[in-house]
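Student: Please take a close look at one part of this structure for me. I would like to study the largest cavity and what lines it.

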Amino acid sequence: MIRRSVAWLLAACAAAYVASCASTPPRPEPDAPLAGSDPVRFVAERTPWTFQGRTGWLMTTPSVELRTTVNDRRLLHRLPPFLELANAHRLNAITPLVRPAEPLQTYVLASRTEWDALTRQLLRDQARPYLRIERGGYAVNGMGIFYDLGPRDTFVMAAHEGWHQHIQTSFADPLPVWLDEGIACYLEGFRWRESEPDVPEFLPWLNPQRFDQLRSAAANGTLIPLADLVNNRPQDLLDTDRGGAAALNYYAQCWALVHFFMESDAGARRPGLERLLRDAQSGRFAEHIAASAGEREAVLLRTRRVGGGALAGYWPEESVESMDAAYRAFVGRIVRTGGRDRALMGRSPITP
């Protein structure tokens, strides 16, 4: 069975990732020297790799095997250390997690045409849903398959889908979609260090696309109730909302929901999230949901990866209604005046 996670958000709307962040240094001329420290120190091996007659590289770091046909010098220089450091970040961003047993297989193609061809080659008769993605990439069976989206979006995509790769290779139980996508979005935020412009610094709040979408939904009164958020998948929303706004709200709210678990009420809900991730990693998650929330919720998680079973199982003292009220209040604090400025500095909008 294919274990997959598709970037449905990018299929809905290319505006999900905007490559105009001020923290992204411009690309140098082809022969310009690269500034800062040498992040290629992470590369253990670099050998030629060819796809469809185009010569590229296989670059191996301790945690990633990167195959790429891109020829942009800055992108080639930054990709290996970014992937390696993104892996180190996700292993400790919420709670200590076990490192994957094998390096993550990641492909970054130079063009959409090559990406289409590789998707057909790898997935064969199961490629069709992935080929419908309008812009972006996906993770399947622990592999990340992307193409060059520009000087920032390529890295945002790699950070997001890298989480899905980790889940697919290292977790015994799958997570509910809303949490899986929420953590993937939580791990997107980063900036390049001013002193070392080829080295990323990961800051979960620094995510203007998710923040702005959340603020817009709050202002327009289109926030998805928590009970609906946990019972929907992004592809379900795309089927009913061709404009993509509901799906964009879904991702932004899942991003905010992870922050809610991490920071609300002085971190009171964080232990539940940490335990949930450790249980899913070790294979105790589904069993715990069946015992604490009932077999119906366990079936929903096994078949569609939705439902409020995880809420009932890991925050049993709260009802969905009371948690929804607390979550909406948390969102209100995030989007109040001055919140965006704090978030764009990588700081929490709710911390004094």
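**The largest cavity and its lining**

Tutor: This is a predicted model. Start with the whole chain. Of its 352 residues, 58% count as buried. The secondary structure comes to 16 helices and 9 strands. Take contacts between residues at least 6 apart in sequence: 66% of them join residues at least 24 apart. The accessible surface is about 14600 Å². Carbon and sulfur atoms hold 50% of that surface.

Now look inside. Rolling a probe the size of a water molecule over the atoms shows where empty space is left. Searching the whole structure gives 4 cavities of 30 Å³ or more. The largest cavity has a volume of about 50 Å³.

Which residues line the largest cavity? Find V64, L83 and R90. Then add L104, T106 and F146. A158, G162 and Q165 complete the lining. Three elements give two or more residues each: helix 2 (73–90), strand 5 (104–109) and helix 5 (153–170). Helix 5 provides the largest share, 3 residues.

Next, sort the lining by class. It has 5 nonpolar, 3 polar and 1 charged residues. Glycine counts as polar here, so G162 goes with the polar group. Arginine counts as charged, so R90 belongs to the charged class.

Put the picture together. The largest cavity, about 50 Å³ in volume, draws its lining from helix 2, strand 5 and helix 5, among other parts of the chain.

Terms used
Residues are numbered from 1 along each chain as its sequence is written. This is a predicted model: local features need pLDDT of at least 70, side-chain atom pairs count only at pLDDT 80 or more; totals for chains, interfaces and linings use all residues. Side-chain values use heavy atoms; hydrogens and water are left out. On a 1 Å grid over the protein atoms alone, a cavity is a set of points where a 1.4 Å probe fits but cannot get out, and a pocket is an open set with protein on both sides within 12 Å along at least five of seven lines; lining residues have an atom within 4 Å of a point. Grid points are joined across faces, edges and corners, and a volume is the space filled by probe spheres set on the points. Helices (H or I, at least four residues) and strands (E, at least two) are DSSP runs, numbered from the N terminus. Buried means under 20% relative accessible area, exposed over 50%, partly exposed in between (1.4 Å probe, protein chains only). Contact means heavy atoms within 4.5 Å. Accessible areas come from the Shrake-Rupley method with a 1.4 Å probe; for residues, only the protein chains shown count as cover.
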